[in-house]
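I opened this model to look up a few strands, helices and empty spaces. The entries below follow the order in which I went through them.

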Amino acid sequence: MKTYYITTPIYYSSGKPHIGTAYCSIASDIMARYKKEQGYDVKFLTGNDEFGQKNEQAAHDRGVTPQQHLDDMANLFKSMAKAVDVDYDIFWRTTNPQHQAAVQKIFKILYDQGDIYKGAYEGWYCTPCETFFTETQLLESKCPDCKREVQKMQEEAYFFRMSKYQDRLLAHIEANPEFILPESRKNEMVNNFLKPGLEDLCVSRTSFKWGIPVDFDPNHVVYVWVDALTNYANALGFMSEDNSEYKKFWPADLHMVGKEIVRFHSLIWPAILMALNEPLPKQIFGHGWLTSEGKKMSKSFGNVIDPHILVNNYGSDALRYFLMREFVFGQDGDFRNEALLNRMNADLANDLGNLLSRTIGMIDKYFGGTLPVADTAVKGEFDDIFEKMVMDMPSKVENHLDKMNFSDALNEIWNVIRRANKYTDENQPWVLCKDESKKDELANVLYHLAETLRIVSIQIYPVMPKTPALIRKQLNIEDPTLYTWDSAKTFGLLSRGVKITKEPVLFPRLDIPKELEKLISQQGTTAGASSGEVSEEESQQKPTITIDEFDKLDLKLGEVLECEIIEGTKLLKCQVRIGNEVRQIVTGIAKFYEPAQMVGKKVVAVTNLKPVKLRGALSEGMILSASIGSGKKEVLKLVTVDGDILDGATIR
């Protein structure tokens, strides 16, 4: 059996996962599911990178041990994966004893053969990226990757001879055009790093202790490049007594990574493998960022989107479909709630949902709920063209999926779905049903629609793993041979004469203004929060901040002078007096307070938020409230102060 090994980067454990994290994981999951459907023996790895200075600091900031912090973070990442239906085979944590033993062996081998040597490092260090930079690599004296401040550091360190493998790396990339994709990432690696010349790489640290010790020099801990990067091989048993999985699945078929870490995976990791005389991964794909408000998602920007909120509202399939259909994979894409809702209405409700609903409805109405048996010799005017389009679809979808052109693959499927709806209108079953002599023609039309839905359910599975079963339930498809990947390449396999099952609408149409209001409220109060396999304390606790960070908030007491509801919403538009000025603040609490109740209320307002328009009304701040429960049981109260304090007073 053919094998396929795919990995996501093991995610750094100092920050919580968000929709950008989910984006990479979902793409990898789609490829894993697709290859499994094709008959491959698949291994899909994800996990957490758990050593390093950032993790040590994050644990310290939370007041917990590093291991407790890492256990909590592992649960958060597993919860995210579960929410978006990422079905990994291996969740690898670098604190795993098997991994630590392998790292020490690798480090010693490279040292013994002269590929690692001891020296001293002096240069610029970015703590968030855990990367050293030379003076020339800095961008306006800041980290070229994350644009944060860097520190001048000097310490004793071990170095890996990256420069030794420069020519071999360049030759390999030139001989294997698809080793780094997209093409722009390959050009960046070649022109910005290889051709100017690689410098030797610092691979140990002495300034912190949370790491894998260099066993022959305990003052040093192994740095991230020999630690985290080697996980892809170590998780398969590399350097262990049982390396059967490594022999079976290595080299990796695909490392799926974000564009900011392509350099580490396409230059450093292959150079280490060359030094070990091991095969290189077949491909490194550097996808673009999923941004929010035009910026990379970050707690510091306040633009993090929690995938749990979207899944809880609309289901994981809708979110997965949107992310893969809306954006060209490989390029950056800006996430917007409105785009998600519009795509759900247009593609899922109007196209797929409508096709299923009207097909099942007509079978129920015209044939008593039984997929009709008809004279197969009967052919409609539009059948040949329609059948050819359906039968051309699987090969086109495979071609796009092989190249990770997810949006194009889905577009091919939706072309067929839209054509099926048009085919319905062309044949007008509601007219055919009135003429008894047209009964076979009517049965033929409905069979074509039902069979198309069977094939569509197979093709959408890698992206939308839950929806196919719901389609098949309504069509009463129980024979597993009718939903294998290869069965989608044959038209006419669906059994006639079976009883269909009418179910609720698959994707109901959404009231977009109402849904936008709901999402604004939920994301504004719970952005970055998570749920699932985490402790109660962690689920309620936000990241620890410093007093300087808290001091950035300008909290003042205000009095509501006027208040009105924005028509058609649950938003209140308030005129709030704060000292000598009156500000307009829009707040989504009309469910809990009538406008008249708000007038005269003393409220706590955040006054240094960037103004934003909500439903056309400018909001110049945020009114604080406290809530408990959810849905119909939610209770919300305004935050105020004790005693008679004049508006404009600063909250400390």
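**Entry: strand E1.** I began with strand E1, residues 3–7, in what is a predicted model. Of its 5 residues, 4 are buried, so I noted the strand as mostly covered. I then asked which strands pair with E1. One is strand E3, residues 41–49, which runs parallel to E1 and is joined to it over 5 bridges. In that pairing I found Ile6 opposite Phe44 of E3. Another is strand E12, residues 254–258, also paired with E1 in the parallel sense, over 2 bridges. Here Thr7 stands opposite His255 of E12.

**Entry: a sheet of 5 strands.** Next I looked up an open sheet and wrote down its order as E19-E18-E17-E20-E23. The pairing in this sheet is antiparallel. Which strands stand at its edges? They are strand E19 (581–587) and strand E23 (622–623). Each has a single partner strand, so one side of each has no neighbour in the sheet. I checked the E23 edge: strand E20, residues 602–606, is joined to E23 by 2 bridges, and the two run antiparallel. Val606 is the residue I found opposite Met622 of E23. As a reminder to myself, strands of a sheet pair through backbone hydrogen bonds, in either the parallel or the antiparallel sense.

**Entry: Glu559.** I stayed with this sheet for one residue, Glu559, which is placed in strand E17, residues 555–565. Is Glu559 buried or exposed? Its relative accessibility is 18%, and buried means under 20%, so I entered Glu559 as buried. I then listed what Glu559 touches, leaving out residues up to four places away in sequence. The contacts are Gln575, Val576, Arg577, Gly600, Lys601, Lys602 and Asp647.

**Entry: a sheet of 3 strands.** I noted another open sheet, with the order E15-E14-E16 and mixed pairing. Strand E15 (295–296) and strand E16 (333–335) are at the edges of this sheet. Each of these two has a single partner strand, which means that one side of each is left without a neighbour in the sheet. Strand E14, residues 290–292, pairs with E15 in the antiparallel sense, and I counted 2 bridges. The bridge partner of Thr291 in E15 is Lys296.

**Entry: helix H5.** I turned to helix H5, residues 166–175, and asked which of its residues are buried. I found Gln166, Leu169, Leu170 and Ile173. Viewed down the axis of H5, the buried residues fall within an arc of 95 degrees, so they line one face of the helix. A general point fits here: an α-helix has 3.6 residues a turn, so residues three or four places apart point the same way. On the other side of H5, I entered Asp167 and Ala175 as exposed. I also looked up what covers the buried residues of H5; the cover includes strand E8 (180–181), H6 and H10.

**Entry: the second largest pocket.** What volume does the second largest pocket have? I wrote down about 450 Å³. The pocket is lined by 23 residues, and the closest to its centre are Gln137, Glu199, Asp200, Leu201 and Arg263. The elements giving two or more residues to this lining are strand E6 (131–133), helix H6 (183–194), strand E9 (201–202) and helix H10 (262–275). H6 and H10 were already in my notes, as part of what covers the buried residues of H5. By class, the lining of this pocket has 14 nonpolar, 6 polar and 3 charged residues.

**Entry: cavities.** How many cavities of 30 Å³ or more does the structure hold? I noted 5. The largest cavity contains about 60 Å³ of space. Its lining consists of Asp49, Phe51, Gly52, Glu130, Phe208, Trp210, Gly211, Val221, Val222, Tyr223, Val224 and Asp227. Strand E11 (221–222) and helix H7 (224–227) are the elements that give two or more residues to this lining. I sorted the lining of the largest cavity into 7 nonpolar, 2 polar and 3 charged residues.

**Entry: Phe550.** My last look-up was Phe550, in helix H21, residues 547–550. At 35% relative accessibility, Phe550 went down as partly exposed. Phe550 and Arg652 are 102 residues apart in sequence, and their C-alpha atoms are 9.8 Å apart in space.

Definitions and conventions:
Residues are numbered from 1 along each chain as its sequence is written. This is a predicted model: local features need pLDDT of at least 70, side-chain atom pairs count only at pLDDT 80 or more; totals for chains, interfaces and linings use all residues. Side-chain values use heavy atoms; hydrogens and water are left out. Buried means under 20% relative accessible area, exposed over 50%, partly exposed in between (1.4 Å probe, protein chains only). Two strands pair if DSSP finds at least two bridges between them. On a 1 Å grid over the protein atoms alone, a cavity is a set of points where a 1.4 Å probe fits but cannot get out, and a pocket is an open set with protein on both sides within 12 Å along at least five of seven lines; lining residues have an atom within 4 Å of a point. Grid points are joined across faces, edges and corners, and a volume is the space filled by probe spheres set on the points. Ala, Val, Leu, Ile, Met, Phe, Trp, Tyr, Cys and Pro count as nonpolar, Asp, Glu, Lys and Arg as charged, and the others, Gly among them, as polar. The arc is that of the directions from the helix axis to the C-beta atoms. Contact means heavy atoms within 4.5 Å.
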